[in-house]
Amino acid sequence: MPELPEVHTTVTGLSRYTVGLRIQDVWSSYNSAHFKGSKTIKDPAYFEEFKKGIIGAHIVSAERRAKNILIHLDTKKTILIHMKMTGHLLYGTYRFDASLPKDPWCAVEPKHLTDPFNRHVRFLISFDNGKSLALSDVRKFAKVTLVSSDDIYTSDHLKDIGPEPLEKEFTFNEFIGRLNLRPRGKIKQVLMDQTIVAGIGNIYADESLWRADIHPLTLVQHIPTDIRKKLYTAILQTLSRGIDMGGDSTSDYRNIHGERGKFHEQHYAYRQTGTKCQKKGCLGTIVRIVLGGRGTHLCSAHQRLLE
Ligand SMILES: [Zn+2]
């Protein structure tokens, strides 16, 4: 699932390429009677409402909040997109081929949009400049909806989300305060809890814990202050590194031009099972355990379980 650095990368692209564009039309194949009443475009009736709400509007800005993409329109409405497991937004030229009923939108340019990971277009906004914004989402879990811009931060989608770790207000003391809300929680699960801190998922949690020498199952209350400090620094460094690398493309994620990020080329723990630990002086091996149904990767030697 795209995490903070991937969503950041997408939003940076949207800000650069789509601001000022006028929405001419919108198309979706998410629609299913199964999602009736969901208040997302998966509900066919809601999709009609959504369409009326955005056609003719101009994009004024794009923003990230946790793992959500907010596209603000000049009509005081905001398109909210959560890419979930396999979704990612793409920008370029598309043509509609009715002979391909399953995936009728074919990318023309840029060339990376033809990457197989980018071909599952379920939602597409066309602009007055002849280009489109497409959402490729092989597993169809993404969420797209329209919210009043004035109410967006207090809406059910965002109201319970914790602070942004890369904002300057997110000091070490703030971090400690957030962790202390879950003293008996396992640290990895606490880091991934969006109501505690925004934007961290499986990849950046595993990598941050590896850097901070903490076993993912350690209970928050057993982590001493000096190690918490190390973790705070590790989170900031790991997320910043993810942004610098253009995100992580271990899985489906691509930037809006359809290109892969590079963070997955620098993993120390995530999906490195069986490899020798790269921490200086450590003789451990990366192992995989399951925590809360999710694969969790750690070094068998230097990430000690504190009790
Ligand atoms: Zn190690």
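Is His-267 buried, partly exposed or exposed? I shall answer that at once and then turn to the whole structure, which is a predicted model. His-267 is partly exposed, with 19 other C-beta atoms within 10 Å; the cut-off for a buried residue is 20 or more. This histidine sits in the loop between α6 and β10, the latter being residues 286-291. If we set aside its neighbours within four places in sequence, His-267 is in contact with Glu-207 and Gln-272. Asp-160, by comparison, is separated from His-267 by 107 residues in sequence and by 30 Å in space, C-alpha to C-alpha.

Let me now describe the overall architecture. The protein contains six helices and 11 strands. Its radius of gyration is 20 Å, close to the 19 Å that the globule rule gives for 307 residues, so the protein is as compact as a globular protein of that length. Taken along the principal axes, the C-alpha atoms fill a box of roughly 60 × 40 × 35 Å. Of the 307 residues, 40% are buried. As for the contacts between residues at least 6 apart in sequence, 61% join residues at least 24 apart.

The chain is divided into two domains: domain 1 covers residues 4-154, and domain 2 covers residues 172-299. Their C-alpha centres lie 29 Å apart. How many residues of each domain are in contact with the other? On the domain 1 side there are 23, and these meet 22 residues of domain 2. Two elements, α1 (4-17) and β5 (87-96), each supply at least two residues to the side of domain 1 that touches domain 2. Helix α1 gives the most to that side, with nine residues. By character, the residues on this side of domain 1 comprise 12 nonpolar, eight polar and three charged.

I turn next to two helices of domain 2, beginning with α5, residues 202-211. All of its residues are buried, 10 of the 10, so α5 is largely enclosed by the rest of the structure. Among these buried residues are Asp-206, Glu-207 and Arg-211, together with Leu-209 and Trp-210. Glu-207 is also one of the contacts of His-267 mentioned at the start. The buried residues of α5 pack against α1, α4 (187-192), α6 and β11 (294-299). Just after the helix, Asp-213 takes a positive phi of about 65°.

Helix α6 comprises residues 225-244. With 20 residues, it reaches 29 Å from its first C-alpha to its last, close to the 28 Å expected at 1.5 Å a residue. Which residues of α6 are buried? They are Leu-231, Tyr-232, Ile-235, Thr-238, Leu-239 and Gly-242. Seen down the axis of α6, these buried residues fall within an arc of 140°, so they line one face of the helix. The general background is familiar: an α-helix has 3.6 residues a turn, so residues three or four places apart point the same way. On the face of α6 turned away from the buried side, we find the exposed residues Asp-226 and Asp-244. The cover over the buried residues of α6 includes α1, α3 (172-179) and α5. Helix α1 therefore appears in several parts of this account: it gives the most to the domain 1 side that touches domain 2, it is packed against by the buried residues of α5, and it helps to cover those of α6. Just after α6, Gly-246 takes a positive phi of about 75°.

Finally, some points of backbone geometry. As a general matter, most residues other than glycine have a negative phi, and most peptide bonds are trans. Where does the backbone of this model depart from that pattern? One place is the peptide bond from Glu-109 to Pro-110, which is cis, with omega near 0°. Pro-110 lies in the loop between β6 (105-109) and β7 (121-127).

Lys-39 has a phi near 60°, a positive value in a residue other than glycine. This lysine is found in the loop between β1 (23-28) and α2 (44-54), and with 16 C-beta neighbours inside 10 Å it counts as partly exposed. Lys-76 likewise has a positive phi, of about 65°, although it is not a glycine. Its place is the loop between β3 (68-73) and β4 (77-82). With 12 C-beta neighbours inside 10 Å, Lys-76 counts as exposed.

Definitions and conventions
Residues numbered from 1 in each chain as written. Predicted model: local features only at pLDDT ≥ 70, side-chain atom pairs only at ≥ 80, totals over all residues. Domains from an automatic or database assignment. Contact = placed C-beta atoms within 7 Å. Helix = DSSP H or I, 4+ residues; strand = E, 2+ residues; numbered from the N terminus. Nonpolar A, V, L, I, M, F, W, Y, C, P; charged D, E, K, R; others polar. Expected span 1.5 Å × (residues − 1). Arc of directions from axis to C-beta. Rg over C-alpha atoms; globule rule 2.2 N^0.38 Å.
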